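This note is addressed to a reader who is new to the structure shown below. Please keep the sequence and the model at hand while going through the points.

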Amino acid sequence: MKGQFPVDKFRDLRTPFYYYDTRILRQTLEVIRQETEKMENAVVHYAVKANANQEILRTIREYGLGADCVSGGEIKAALQAGFSPDKIVFAGVGKADWEINLALEHHIFCFNVESIPELEIINELAAVKGTVANVAFRVNPDVKAHTHANITTGLAENKFGIALGDIEQVIELAHRLDHVKFVGLHFHIGSQILDMGDFASLCNRVNELLTLFEKHHVEIENINVGGGLGVDYQHPNRQSIPDFHEYFRTFNSLIKRRNGQSLHFEPGRSVVAQCGSLISKVLYVKQGTNKQFAILDAGMTDLIRPALYQAYHKIENISSELPVETYDVVGPICESSDVFGKAVDLNKVSRGDLIALRSAGAYGEIMASQYNCRELPRSYTTEDLL
Ligand code: LLP
């Protein structure tokens, strides 16, 4: 055992694999439960896109969370894990007809609708089934989140949501259509947000809209503020549970909810990032001209975030206590972007050492690919290795 890892057990397993520490996941879910119980009428829909591993989904479902899905595949994964359809929301700019039909057949809680043509198709497909679909409109709030450009979503220039100026017209249209019922508003300003000021700006925007709709006698039953709470990638041990207290408090105290309005959240990363690590073995230590490379058997196919977003994941040699040396840590894929970290300090590395890439529980396993005809990484939980 080094730190929190059962290294001896790891030695028998074929690498690379994802290791999920279910104790951390459960502690995180317990905090979410406690914090949301303090609020009235709050529902958390876990964003399945962050990690759709069935064991992870089942654990999350046990704590009473709903699911936020962005595809028919995610709806199927959530149903398979036992999530109740009446706690499933379905978002996404490009919902295919079969996906809408699947959601209608299961009578999900709500569609988060992103455009007028989409609203019309949901209405049409619901009419064929003789049913009425609950819809919320995703409003593009034009609020800037201080995070990576590739993962901000709430600016006017992004493809997501309905422009602020068009929203009244869309609600009016929904009221005229017989097979959709307008129930709420949906927002999402981005991901990996650590500045509560960004969420406060969103709250201000929500309040402006609530006032506007009240003036026009438009009733809003629920307000969904999306996900986005960030995690501490630098210090996964020091802060293994994100600051849910501040996060929920910000929304609960700043949004001026009218009687009975429910408040919905869609956290993904903050729920699962810190419980997961990608465990890999060192294949070779190679001397370069001015540096040395630790070449792992895991690559960007297993964890694409560093290559795609220049994201930082803490890297640890979990099988060595030798003095620290500096390495570029790279994968075996034939792409020069297949680098996990440059000039990384690690306990001296030898062939066969086990390396942990930390905070990889969110957008890790689920974004894996088979490029270079590689196998997808396997996964194990704490319980699997007892
Ligand atoms: N709700 C909506 C509408 C979203 O678009 C997202 C994430 C979430 C909820 C969950 O956000 P979270 O709580 O996880 O920040 N692959 C990228 C992240 C993409 C996030 C996309 N939308 C990454 O690896 O950083």
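The numbered points below treat the domains, the nonpolar cores, the aromatic pairs, the cysteines and a few individual residues.

1. **Status of the model and its division.** The model is predicted. The protein is divided into two parts: domain 1 comprises 2–17 + 274–385, and domain 2 comprises 22–273. The C-alpha centres of domain 1 and domain 2 are 33 Å apart. Where these domains meet, 26 residues of domain 1 and 26 residues of domain 2 take part in the contact.

2. **The largest nonpolar core.** This core has 99 residues, and the members that touch the most other members are I60, F111, L119, F137 and F251. Helix α8 (residues 196–215) gives the most to the core, namely eight residues. Domain 1 and domain 2 each supply at least three residues to this core.

3. **I60 as a member of that core.** Which residues does I60 touch, leaving aside those up to four places away in sequence? They are L25, L29, Y46, L65, F83, V271 and V272.

4. **A second core.** Separate from the core described above is a second one of 12 residues, with F5, I279, I318 and L385 among them.

5. **Aromatic pairs: F199 and F251.** The count of aromatic pairs comes to 16. In one of them, the ring centres of F199 and F251 lie 5.3 Å apart with the planes at 55 degrees, so this pair is tilted. F199 belongs to helix α8 and F251 to helix α9 (residues 244–254), so the pair ties together parts that are 52 residues apart in sequence. Both F199 and F251 are buried.

6. **Aromatic pairs: F248 and F265.** Here the ring centres are 4.8 Å apart and the planes stand at 90 degrees, so the pair of F248 and F265 is edge-to-face. Helix α9 holds F248, and strand β10 (residues 262–265) holds F265, so the pair ties together parts that are 17 residues apart in sequence. F248 counts as buried because its relative accessibility is 1%. F265 is likewise buried, with a relative accessible area of 0%.

7. **The aromatic cluster.** The residues of the two preceding points belong to a cluster: ring pairs link F199, F244, Y247, F248, F251 and F265.

8. **A charge over a ring.** Which residue lies over the face of F90? It is K95, at 5.4 Å from the ring centre.

9. **Cysteines.** How many disulfides does the structure hold? The number is zero. C334 is in no disulfide, and the nearest cysteine sulfur to its own, that of C373, is 12 Å away. Since disulfide sulfur atoms must lie within 2.5 Å of each other, this distance does not qualify. C334 counts as exposed because its relative accessibility is 64%. C373 is also in no disulfide, its nearest cysteine sulfur being that of C334. At 79% relative accessibility, C373 counts as exposed.

10. **T131.** This residue is found in the loop between α6 (116–128) and β6 (133–140). Is T131 buried or exposed? With a relative accessibility of 14%, T131 counts as buried. Apart from residues up to four places away in sequence, T131 touches L104, H107, A126 and H179.

11. **S337.** The loop between β14 (324–330) and β15 (339–347) contains S337. At 34% relative accessibility, S337 counts as partly exposed, because the value falls between the limits of 20% and 50%. With residues up to four places away in sequence left out, S337 touches M300 and A307. S337 and Q310 are 27 residues apart in sequence, and their C-alpha atoms are 9.4 Å apart in space.

12. **L354.** Strand β16 (residues 354–357) contains L354, which counts as buried at 1% relative accessibility. What does L354 touch, not counting residues up to four places away in sequence? The contacts are V7, F10, R11, T15, I279, S280, K281, E316, N317, I318 and S319. Among these contacts, I279 and I318 are included in the second core. By contrast, L354 and L308 are 46 residues apart in sequence and 24 Å apart in space, C-alpha to C-alpha.

Technical notes. Residues are numbered from 1 along each chain as its sequence is written. This is a predicted model: local features need pLDDT of at least 70, side-chain atom pairs count only at pLDDT 80 or more; totals for chains, interfaces and linings use all residues. Side-chain values use heavy atoms; hydrogens and water are left out. A nonpolar core is a set of buried Ala, Val, Leu, Ile, Met, Phe, Trp, Tyr and Cys residues joined through side-chain atoms within 4.5 Å. Buried means under 20% relative accessible area, exposed over 50%, partly exposed in between (1.4 Å probe, protein chains only). Helices (H or I, at least four residues) and strands (E, at least two) are DSSP runs, numbered from the N terminus. Domain bounds come from an automatic or database domain assignment. Contact means heavy atoms within 4.5 Å. Rings of Phe, Tyr and Trp (its six-membered ring) pair if their centres lie within 6.5 Å; planes under 30 degrees apart count as stacked, over 60 as edge-to-face and the rest as tilted. A charge sits over a ring if NZ of Lys or CZ of Arg is within 6 Å of the ring centre and within 35 degrees of the ring normal.
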